[in-house]
Protein chains: 2
Amino acid sequence: MSLPTLRDVAAMAGVHPATASRALNPGTRSLISARTADRVLRAAEQLGYQPNAVARSLRTSRSSSIGVVVPDLTNPLFPPIVRGIEDALAPHGYVLLIVNTDNDPAHEDRLIASLRSRSVDGLILATARLGHPLLRVPDAGGLPVVLANRRTEGLPFPSVTADDASGIHAAVAHLVGLGHRRIAHIAGPQDTSTGLGRLRAFRSAMHEHGVPVDGALIRRTSAWLEDEGARALSDLLDGGTEFSAVFAGNDMLALGCYDVLAERGLRCPDDLSIVGFNDMPLVDKLQPGLTTVRIPHYDIGWEAGRLMLEQLTRGEQQAKAVLMPVSLSVRHSTGPPPGDSAPPLRDTAAAPYAVEPQVQSFE
Amino acid sequence: MSLPTLRDVAAMAGVHPATASRALNPGTRSLISARTADRVLRAAEQLGYQPNAVARSLRTSRSSSIGVVVPDLTNPLFPPIVRGIEDALAPHGYVLLIVNTDNDPAHEDRLIASLRSRSVDGLILATARLGHPLLRVPDAGGLPVVLANRRTEGLPFPSVTADDASGIHAAVAHLVGLGHRRIAHIAGPQDTSTGLGRLRAFRSAMHEHGVPVDGALIRRTSAWLEDEGARALSDLLDGGTEFSAVFAGNDMLALGCYDVLAERGLRCPDDLSIVGFNDMPLVDKLQPGLTTVRIPHYDIGWEAGRLMLEQLTRGEQQAKAVLMPVSLSVRHSTGPPPGDSAPPLRDTAAAPYAVEPQVQSFE
DNA sequence: CTGAAAGCGCTAACAG
DNA sequence: CTGTTAGCGCTTTCAG
């Protein structure tokens with residue numbers, strides 16, 4: 001006893017399957033007399049009829065499903081984005097096919113092919129890797145595409161990203177306002193749109209604040225990982241160039257900085273201020289709480305879902321780039337630079353401190 | 001110019017579509033002469049042929065997709081589970097349809113119906129709500145089902161869960177070993193299998209250690225949320241029954257405890273030891289690091305995926321219950337009970353402390 | 001307004 | 001070993 005089909009419903013209602021189909025589909029119901037429509041609906045109800053989405057899909061070549069491509073769902077960035085996408089699309093009958101690429105372009109291509117073969121109606125890409133701009137346009141084969149949390153310059157895809165530049169501007173303003181002038185940046189991988197963009201934005205924010213950017217205070221990491229952040233900060237501290245604050249490209253990198261400070265017995269923010277990016281869950285609970293740029297991940301997902309719907313309903317493919325507003329969550333990992341508000345110990349032993357640059361106190 | 005179909009491949013190879021189909025399918029390739037198979041493969045390659053999964057699905061009534069039902073992907077518990085499921089199934093060509101129920105049974109039923117209509121080949125349920133045992137068997141309609149992170153007693157579904165009881169046994173052993181005798185439990189919602197099970201396990205672990213369970217030291221929360229944990233601990237502290245340690249039903253509840261301690265100026269573990277459950281990301285970075293029961297979420301997902309594969313390949317539906325081993329991550333939120341190892345301050349002012357029961361210091 | 005007929009792309013049963 | 005045939009369940013012409 002398998003599931004009831006449209007034929008069963010039609011038979012019970014005493015009509016032709018085509019009629020039953022028309023009655024069941026809101027779009028075509030108006031073509032049917034109210035009485036027969038009613039009979040069909042009743043029969044469907046009684047049999048517990050559920051249209052077979054696969055058959056419908058084969059016929060209409062639409063599947064009411066959207067492929068969502070993320071690097072790794074386990075990265076706390078993505079669940080809220082995915083959830084936002086789902087909440088935007090589910091009310092319209094869409095279901096999500098979520099795949100993880102692990103940042104492997106070849107794997108990504110395979111997965112996208114697999115999604116296409118399942119006739120997804122659209123693709124939302126939240127993968128961040130750039131790569132060669134022309135080679136790495138994923139082959140969507142004319143499918144509607146929306147980029148979430150990613151922008152590939154010069155590609156005709158609508159995108160939703162956080163306004164990273166504004167966030168970084170605010171972060172730098174905050175640090176400069178506290179008195180910092182020597183600000184280091186631990187930049188993420190430069191083959192990701194976010195890593196590259198944030199470094200650029202950092203440079204421009206510094207310029208706008210009239211603070212010189214010292215190339216010796218910039219480190220690029222090969223991954224967005226805690227270890228990499230730790231390595232970068234160690235390197236900076238050992239580099240001999242003084243600095244009183246670090247702006248990390250994301251919270252994981254900032255966490256790595258915390259580790260180094262703990263290892264070396266340095267205090268945050270007394271010895272060094274740290275700013276992160278993303279406002280990951282629980283970073284407010286750290287000791288000290290991490291000052292970080294809060295990104296509306298859920299909203300980014302939701303907006304990406306809306307953009308997808310727009311393309312799906314009207315057929316338009318406007319490459320509009322939506323920038324979602326961000327905010328700075330100021331917590332206790334940032335404070336005035338050392339010396340600025342004369343901390344007790346140094347007050348009494350001011351000489352060595354004044355003579356030696358800040359970085360000395362880190363070694 | 002739409003995508004190439006099997007007909008196109010067959011035409012190019014000069015064979016009948018059925019032959020092409022057999023050549024392309026590893027399972028039936030042996031029925032075909034090597035030469036023609038080769039010709040077909042070559043043609044497919046050249047055309048960039050991708051089998052249409054929808055058509056195949058309609059024909060075979062298998063879809064190579066598995067429905068995964070979770071309460072909320074945004075809860076850090078679930079991404080690793082989902083990832084584990086995916087890693088087990090993806091190599092076998094399966095794709096995941098992930099839906100969030102938000103713990104709404106009606107919504108869950110609708111989603112499962114929607115998954116069924118998409119002919120998923122199986123269902124992995126990671127939703128934890130119990131409800132009436134008979135009413136709340138989701139109507140899988142004969143579909144293979146695996147329960148992940150959930151066990152519904154008396155239902156014929158295979159399940160993969162963490163060995164919560166062992167973990168709780170270890171946690172209680174740890175506390176008792178430190179000298180605690182008055183141990184409170186903040187239990188999660190009792191309409192979830194985990195909430196109920198952990199409370200039971202707590203009781204039994206206490207008995208096994210010969211420590212009396214005081215009903216006044218047990219609080220049930222209505223959700224697995226930080227606020228609820230905070231409320232519960234406040235309530236315990238105000239309850240007038242002394243205790244020196246709290247075992248929280250999960251890490252979120254434990255976080256709520258941290259909040260209360262901070263508010264009241266109490267120190268952990270000097271005034272109160274806290275143990276959590278789950279080992280969520282970053283709880284090791286808290287100050288003090290949270291001692292908690294580490295659950296192998298990824299492995300649970302992976303195992304659930306394996307169990308699903310077993311059902312899919314052999315047709316068996318053994319209701320075996322797999323228990324995954326857990327471990328205790330001991331960190332600094334647990335220590336000897338106050339008074340036990342005479343902390344410095346109290347050493348000098350022993351009298352008031354010795355006179356007043358521990359709970360006094362909490363108020 | 002409703003019925004008849006065709007076909008989406010594929011695979012499985014049956015012939016040859 | 002390969003071709004023929006049929007049909008999965010649905011929607012959409014086209015007739016009536």
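Reader: How far is a phosphate oxygen of DNA strand D from an N or O atom in the side chain of A:R56?
Author: The separation is 2.7 Å. Keep in mind that this is a predicted model.

Reader: And B:T19, what does its side chain reach on strand D?
Author: A phosphate oxygen of DNA strand D, which lies 2.6 Å from an N or O atom of the B:T19 side chain.

Reader: Which residue has a polar backbone atom by a base nitrogen of that strand?
Author: A:A55 does, with 3.3 Å between its polar backbone atom and a base nitrogen of DNA strand D.

Reader: Which residues come nearest to strand D?
Author: There are 24 residues around DNA strand D, and A:L6, A:Y49, A:R59, B:H16 and B:R59 come nearest. Of the strand D atoms that come within 4 Å of the protein, 58% belong to sugar and phosphate.

Reader: Which helix gives the largest share of that surface?
Author: α4(A), with four residues. At least two residues each come from α2 (17–24) and α4 (53–60) of chain A, and likewise from α2 (17–24) and α4 (53–60) of chain B.

Reader: How does the surface divide by residue type?
Author: Into 10 nonpolar, nine polar and five charged residues.

Reader: Changing topic. How many residues are in α9 of chain B?
Author: Helix α9 of chain B has 13, residues 226–238, and spans 18 Å from first C-alpha to last, close to the 18 Å expected.

Reader: What do its buried residues pack against?
Author: The buried residues of α9(B), among them B:L233, B:L236 and B:L237, pack against β6 (183–187), β7 (218–220), β8 (245–248) and α10 (251–264) of chain B.

Reader: What follows α9(B)?
Author: B:G240, with a positive phi near 85 degrees.

Terms used. Residues are numbered from 1 along each chain as its sequence is written. Chains are lettered from A and ligands numbered from 1 in the order in which they are written. This is a predicted model: local features need pLDDT of at least 70, side-chain atom pairs count only at pLDDT 80 or more; totals for chains, interfaces and linings use all residues. Side-chain values use heavy atoms; hydrogens and water are left out. A residue is near a molecule or strand if one of its heavy atoms lies within 4 Å of it. A polar contact is a pair of N or O atoms within 3.5 Å; within protein, one must be able to donate a hydrogen and the other to accept it, and residues adjacent in sequence count only if both atoms are side-chain atoms. Ala, Val, Leu, Ile, Met, Phe, Trp, Tyr, Cys and Pro count as nonpolar, Asp, Glu, Lys and Arg as charged, and the others, Gly among them, as polar. The expected span of a helix is 1.5 Å times one less than its number of residues. Buried means under 20% relative accessible area, exposed over 50%, partly exposed in between (1.4 Å probe, protein chains only). Contact means heavy atoms within 4.5 Å.
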